[in-house]
Amino acid sequence: MSAPLSAAAHTLQTFYLQHHGWLVARLRRKIGCPWDAADLAQSTFLRAWTAPGQPLDQVAEPRAYLTTIAQRLLSNHLRRRQIERAYLEALGALPDPVAPPPDVQLMVLETLVAIDQLLDGLPAVARQAFLLWRLEELTQEEIAQQLGLSRTTVRRHLATAAERCYFGMGE
């Protein structure tokens, strides 16, 4: 015999049952993969349930609310896949004895995704300048020339990106 559901659990169950099928179908149309769609739908409901603010039974437009959350998660999912593809292509270009072992590859990939999340929201030129500085080890002058910016602008972009990484790592 199962215990009766609490009011909060009943609200979640009702919300889930009313919108889950719709959300999975919507995500499946967008990304084409039923497994990824199901995973993203589950993550969406988890985010909706744990988000601070109004309770689920008081959300005026539940499908719009779920769509907003799902779109953010999908965007992050696609960016992660893009980073993963680029990293795997770079690894594929290395000779076998130089390629790192799988555990190191995973750690590097997770680090790249974390850096991408930290730099998210910066203007593209600021991200590009920072990556040229940290990955290509270009000087500020070289970055300025390559991007067609003044050295002062490059310095400002680097400081902003470095600050975001420094303070973001503590979160």
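**Entry 1: Glu110 and Arg80**

I started with glutamate 110, which is partly exposed at a relative accessible area of 37%. I note at once that the model I am reading is a predicted one. Which residue does the side chain of glutamate 110 meet in a salt bridge? I found arginine 80, at 2.6 Å from N to O. This pair links distant parts of the chain, with arginine 80 in helix 3, glutamate 110 in helix 4, and the two positions 30 residues apart. I then looked up the accessibility of arginine 80. The value is 27%, so I logged arginine 80 as partly exposed.

**Entry 2: Arg79 and Asp116**

Next I checked arginine 79. Its side chain meets that of aspartate 116 in a salt bridge, 2.6 Å from N to O. Here too distant parts of the chain are linked: arginine 79 sits in helix 3, aspartate 116 in helix 4 (residues 102–119), and they are 37 residues apart. Arginine 79 has a relative accessible area of 22%, so I call it partly exposed. I followed the contacts further and found a network of salt bridges that links Arg79, Asp116 and Asp120.

**Entry 3: Arg81 and Asp36**

How many salt bridges does the structure hold? I count four. One of them joins arginine 81 to aspartate 36, with 3.3 Å between the closest N and O atoms. The pair bridges distant parts of the chain, from helix 3 (residues 62–92) for arginine 81 to helix 2 (residues 34–50) for aspartate 36, 45 residues apart. I reminded myself that side chains of opposite charge can pair when their charged atoms come close.

Buried or exposed: which word fits aspartate 36? I get 16% relative accessibility; the cut-off for buried is under 20%, so aspartate 36 is buried. Arginine 81 counts as partly exposed, at 34%. I also listed what aspartate 36 touches. Apart from neighbours within four places in sequence, its contacts are Ile31, His77 and Arg81.

**Entry 4: Thr44**

I stayed in helix 2, where threonine 44 lies. Its relative accessibility is 0%, so threonine 44 counts as buried. What lies 2.7 Å from a polar atom of the threonine 44 side chain? I traced this to the backbone oxygen of leucine 40. I then looked for contacts beyond four places in sequence. Threonine 44 touches Leu23, Leu66, Ile69, Ala70 and Leu73.

**Entry 5: the largest pocket**

I turned to empty space. Rolling a probe the size of a water molecule over the atoms shows where such space is left. The largest pocket has a volume of about 580 Å³. It is lined by 18 residues, and those closest to its centre are Ile83, Leu112, Ile115, Asp116 and Leu131. I had already met Asp116 as the salt-bridge partner of arginine 79.

Which helices each supply at least two residues of the lining? I noted helix 3, helix 4 and helix 5 (124–134). Helix 3 gives the most, with six residues. I sorted the lining by residue class. Twelve residues are nonpolar, two are polar and four are charged.

**Entry 6: cross-check**

I went back over helix 3. Arginine 79 and arginine 80 in this helix each pair with a residue of helix 4. Arginine 81 in helix 3 pairs instead with aspartate 36 of helix 2. Helix 3 is also the main contributor to the lining of the largest pocket.

Terms used. Residues numbered from 1 in each chain as written. Predicted model: local features only at pLDDT ≥ 70, side-chain atom pairs only at ≥ 80, totals over all residues. Heavy atoms only, no water. Helix = DSSP H or I, 4+ residues; strand = E, 2+ residues; numbered from the N terminus. Buried < 20%, exposed > 50% of the residue type's maximum accessible area, 1.4 Å probe, protein only. Contact = heavy atoms within 4.5 Å. 1 Å grid on protein atoms, 1.4 Å probe; cavity = no way out; pocket = protein on both sides within 12 Å on 5 of 7 lines; lining within 4 Å. Points joined across faces, edges and corners; volume = space filled by probe spheres on them. Nonpolar A, V, L, I, M, F, W, Y, C, P; charged D, E, K, R; others polar. Polar contact = N/O pair within 3.5 Å; in protein donor to acceptor, adjacent residues only side chain to side chain.
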